[in-house]
Amino acid sequence: MRIIRTIDYRDMSRKAANIISAQVILKPDSVLGLATGTTPLGTYGQLAAWCAKGDCDFSKVHTYNLDEYRGLTHEDPQSYHYFMRKNFFDKINIDIANTHVPDGSNPNADEACAEYDRMVEEAGYPDLQLLGIGRNGHIGFNEPDDVFSKGTHCVTLTPSTIEANSRLFEREEDVPRQAYTMGVQTIMRARSILVIANGEAKAQAVYDMCFGPVTPKVPASILQLHTNCVVVADEEALSLCPRD
Ligand SMILES: O=P(O)(O)OC[C@H]1O[C@](O)(CO)[C@@H](O)[C@@H]1O
């Protein structure tokens, strides 16, 4: 695991965007695994700005998002489909047909998850997987558990995740209780992984991810076993980690 320490959120976003744009420049038809949440917003903004200037071309890129709330239509403003279009896809020159998010509108969880696994496998798994990290060490919506999850599956969100995500909803009761998420094993199949984190609220999770025992109680800790994983995080998120 390589850790890149940044001064602040802006610096983190720019460095992360640099890594993603290098991937796309070196392999224009890259498969990117993408994440939602507030952490990647600056990274997406930076990539969109470079794309508008003609410095980054997404026309041949295919994307697979990590997760989606169960029960929301693609047009629901709280859905991750909508989030990705609004914050990234509508701002870059990507072919929207090449973008994929689990189908939360399909109430048949087994069918929706198996179909998503089939698509990700057919695409050959991501060249680069972007990840945020939850305050409890979750990646995607893979919550702390007794075992590491495998493929895409339906999860019941923990109270801490519901509470953390309620800031994006009018009321906490509005946060969906379930989601479809890529499993940990699928995430680990990406050829490279880029984790981004900022702020003091993530400090314990970042420490546990990088220096704690590898355990499903901290799903992100398995990334220590990935051969090509970079963590780009600001001073606050790295405040519990040794400096070298
Ligand atoms: O970037 P945020 O908003 O702190 O969220 C962290 C993580 O939580 C999730 O939004 C899921 O709760 C992930 O997709 C994300 O990586």
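**Notebook: ligand shell, sheet and two loops**

I started at the ligand: 13 residues surround it, and Gly 37, Thr 38, Thr 39, Gly 132 and Gly 134 come nearest. I counted a residue as near when its C-beta atom, placed from the backbone, lies within 6 Å of the molecule. I then sorted the shell by class and got four nonpolar, eight polar and one charged. My classes: Ala, Val, Leu, Ile, Met, Phe, Trp, Tyr, Cys and Pro are nonpolar, Asp, Glu, Lys and Arg are charged, and the others, Gly among them, are polar.

Ground rules, noted early. This is a predicted model, where local features need pLDDT of at least 70 and side-chain atom pairs count only at pLDDT 80 or more, while totals for chains, interfaces and linings use all residues. Residues are numbered from 1 along each chain as its sequence is written.

**Gly 37**

I looked up where Gly 37 sits: it lies in the loop between S2 and helix H2 (41–52). Helices (H or I, at least four residues) and strands (E, at least two) are DSSP runs, numbered from the N terminus. Gly 37 counts as partly exposed, because it has 18 C-beta neighbours inside 10 Å. The cut-offs: buried means 20 or more other C-beta atoms within 10 Å of the residue's own, exposed means 12 or fewer, and partly exposed is in between, with C-beta atoms placed from the backbone. I also checked Gly 37 against Tyr 180; they are 143 residues apart along the chain, and their C-alpha atoms are separated by 15 Å.

**The sheet**

I traced the strand order next. Seven strands form an open sheet, S1-S10-S9-S6-S2-S3-S5, with parallel pairing. The edge strands are S1 and S5 (99–100), each paired on one side only. Two strands pair if DSSP finds at least two bridges between them.

Is S10 (residues 229–234) mostly covered, or open? It is mostly covered, with five of its six residues buried. I checked its partners. Strand S1 (residues 2–6) runs parallel to S10 and is joined to it by five bridges. There, Thr 6 stands opposite Asp 234. Strand S9 (residues 192–197) also pairs with S10 in the parallel sense, over five bridges. In that pair, Leu 194 faces Val 230. From S9 the chain crosses through helix H7 (residues 203–211) to S10, a right-handed β-α-β crossover. Right-handed means that, with the strands pointing away from the viewer, the path from the first strand over the helix to the second runs clockwise.

I also looked at S2 (residues 31–34) and S3 (residues 62–65): four bridges join them, in parallel. Leu 32 stands opposite Thr 63 there.

**Tyr 125**

I checked backbone angles and noted Tyr 125. Its phi is near 70°, positive in a residue other than glycine. Most residues other than glycine have a negative phi. Tyr 125 is in the loop between helix H4 (109–122) and strand S6 (128–131). Tyr 125 has 17 other C-beta atoms within 10 Å, so it is partly exposed.

**Whole protein**

I tallied seven helices and ten strands. The radius of gyration, over C-alpha atoms, is 17 Å; the globule rule gives 18 Å for 244 residues, so the protein is as compact as a globular protein of that length. The rule is 2.2 Å times the number of residues to the power 0.38. Of the 244 residues, 44% count as buried.
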